[in-house]
2 protein chains.
Amino acid sequence: MTAPAAAEPRQSLTADDWARAALEAIASGGLDAVAVEPLARSLGVTKGSFYWHFPNREALLRAALELWERRETEDVLARVGDEPDPYERIVKIFKEANAGYRSGRLYLAIAAAEDNPLVNEFVQRVSTRRMGYLLQSYQALGFDSVRAAHWARFAYATFMGNLQIRRDTPEMMPTGAAFNEYLKLMFKTLIPRETIARGIGEDGLIAAATRSQEGGDTQ
Amino acid sequence: MTAPAAAEPRQSLTADDWARAALEAIASGGLDAVAVEPLARSLGVTKGSFYWHFPNREALLRAALELWERRETEDVLARVGDEPDPYERIVKIFKEANAGYRSGRLYLAIAAAEDNPLVNEFVQRVSTRRMGYLLQSYQALGFDSVRAAHWARFAYATFMGNLQIRRDTPEMMPTGAAFNEYLKLMFKTLIPRETIARGIGEDGLIAAATRSQEGGDTQ
DNA sequence: GCTTTTCAATACGCGCCCGTATGGTTTTGT
DNA sequence: ACAAAACCATACGGGCGCGTATTGAAAAGC
């Protein structure tokens with residue numbers, strides 16, 4: 001613990017190395033942690049390197065956000081893109097989002113700087129795309145677009161909130177079997193699959209919602 | 001638009017004035033916006049004033065957080081503390097949290113800096129207290145503590161997520177009648193009434209619950 | 001009336017970050 | 001082998017925020 005340490009620069013840094021480091025910095029220190037000199041130190045180089053790869057700090061920020069957006073969409077697509085069953089698709093999205101703590105933190109950290117117009121632009125796109133998946137899935141479950149939008153928003157809000165809870169008050173989150181129970185409860189509640197067969201009426205929704213709590217909750 | 005403008009300092013500033021200004025700053029610029037010199041400018045004075053009222057920046061931050069915690073608990077207590085019906089209590093918490101956009105922004109801004117130990121301490125307390133209300137309410141609805149914890153967490157996550165959506169992608173949030181529909185959907189889903197009839201068996205509660213379904217009044 | 005106390009302006013040094021300028025070293029092409 | 005390009009170090013000026021020191025002026029106490 002003598003100095004901030006310096007990872008040896010294997011060969012020669014690329015712009016992408018800087019972008020990755022910037023994302024790392026955001027995840028653990030927020031948007032303001034994207035500072036040229038500290039990043040240079042953590043990469044074991046000096047500013048001289050940076051200003052060869054980028055014209056200024058904002059360019060780095062943009063590169064980092066682009067990397068983030070790419071990863072985000074690729075990941076989601078790769079994991080749930082080919083799932084045919086809409087129910088399972090929603091489940092996968094949920095689990096994926098609830099499992100990857102790291103990416104969750106990153107999302108929250110970036111979203112926290114939504115006042116920055118550049119950041120806001122990216123958050124907008126990523127959020128819209130994610131919500132789009134959910135919307136499609138709920139429509140595939142048989143909901144008309146209005147109700148699908150409500151349920152999709154509901155589900156999205158819930159998992160965003162879970163991320164927040166996980167970050168801010170981890171003790172509130174159950175672990176092990178209890179966590180699985182919690183997940184199951186949310187699935188049953190947020191994905192009323194009976195609605196498809198039963199036709200879509202107000203009563204159907206209520207039935208689906210209420211029934212969700214008495215199902216066998218073993219394991 | 002010549003300078004950042006300066007609100008005239010009515011009389012003489014108090015420590016509380018500074019704390020209020022600091023909270024304002026957090027709401028619109030994040031934790032880092034709590035900076036002595038900028039705040040002094042916005043208050044129409046100089047640092048000389050600040051360092052009479054506070055020993056340093058951290059003291060201001062603490063004062064702001066204390067003010068926040070006080071407001072937060074007072075507000076919640078004042079609005080839903082005396083509501084006897086647990087169903088209505090949950091509804092009120094939800095509506096309150098979903099209506100006050102300002103306080104929501106503030107919460108998110110503060111929580112975004114949970115890496116700061118001081119901040120984390122306060123977030124912890126406020127979150128725990130809020131969650132406590134929900135937990136009690138669900139227990140009053142007839143759930144055993146495990147299930148009540150699950151439902152409370154679920155509801156809390158959902159409304160935290162709604163805050164986030166409202167801040168980051170406001171277009172996703174419906175307005176007017178559609179918003180009331182959305183709220184109703186969440187109420188019906190997150191506050192299962194069946195348990196009331198099964199558990200406590202108070203007819204009055206059921207009446208109150210059904211009554212609340214039609215009075216959607218949250219702009 | 002005069003002294004304290006209260007509140008605030010001004011001036012200074014420090015640290016940290018940005019961006020530029022300039023030069024140095026290592027690779028690559030031929 | 002030599003020039004060009006890629007990559008990085010060092011040094012500088014400027015901005016901005018923190019904290020201290022010192023002085024100044026209005027209100028309160030006696």
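This is a short walk through a predicted model with two protein chains, A and B, and two DNA strands, C and D.

Okay, let's start with the two protein chains. How do you get chain B onto chain A? You turn by 180° with a shift of 0.0 Å along the axis, and the RMSD comes out at 0.1 Å. That is the relation of a two-fold axis. And 87% of the interface residues of chain B are also interface residues in chain A, so the copies meet through the same surface.

Now a quick look inside chain A. Helix H1, residues 15-29, and helix H6, residues 101-111, have axes that come within 8 Å and cross at roughly 80°. That's why H1(A) and H6(A) count as roughly perpendicular to each other. On the H1(A) side, the contact uses A:Leu23, A:Glu24, A:Ile26 and A:Ala27, and H6(A) brings A:Arg102, A:Arg105, A:Leu106, A:Ala109 and A:Ile110. Sort those by class and you get six nonpolar, three charged and no polar residues.

On to the DNA, strand C to begin with. Which residues are closest to it? Those are A:Val36, A:Lys47, B:Ser12, B:Thr46 and B:Ser49, out of 18 residues that surround the strand. Of the strand C atoms that come within 4 Å of the protein, sugar and phosphate account for 62%. You can see some of that in the phosphate oxygens. One is 3.0 Å from a side-chain N or O atom of A:Arg41, and for A:Glu37 a polar backbone atom is 3.1 Å from a phosphate oxygen. From the other chain, B:Ser49 has a polar side-chain atom 2.8 Å from a phosphate oxygen. Both chains supply helices here: H2 (36-43) and H3 (47-53) of chain A, plus H3 (47-53) of chain B, each give at least two residues to the surface near strand C. That surface has seven nonpolar, seven polar and four charged residues.

Then strand D. It's surrounded by 19 residues, and the closest are A:Ser12, A:Thr46, B:Val36, B:Arg41 and B:Lys47. Sugar and phosphate make up 62% of the strand D atoms within 4 Å of the protein. The side chain of A:Ser12 has an N or O atom 2.8 Å from a sugar or linking oxygen of strand D. Phosphate oxygens are 3.0 Å from a side-chain N or O atom of A:Ser49 and 3.1 Å from one of B:Tyr51. So which helix gives the most to the surface near strand D? That's H3(A), with five residues. By class, the surface near strand D divides into seven nonpolar, seven polar and five charged.

Notes. Residues numbered from 1 in each chain as written. Chains lettered and ligands numbered in written order. Predicted model: local features only at pLDDT ≥ 70, side-chain atom pairs only at ≥ 80, totals over all residues. Heavy atoms only, no water. Least-squares fit on C-alpha atoms with pLDDT ≥ 70 in both. Contact = heavy atoms within 4.5 Å. Axes fitted to C-alpha atoms, helices over the stretch in contact; angles between N-to-C directions. Helix = DSSP H or I, 4+ residues; strand = E, 2+ residues; numbered from the N terminus. Parallel < 35°, antiparallel > 145°, perpendicular 65-115°, else oblique. Nonpolar A, V, L, I, M, F, W, Y, C, P; charged D, E, K, R; others polar. Near = heavy atom within 4 Å. Polar contact = N/O pair within 3.5 Å; in protein donor to acceptor, adjacent residues only side chain to side chain.
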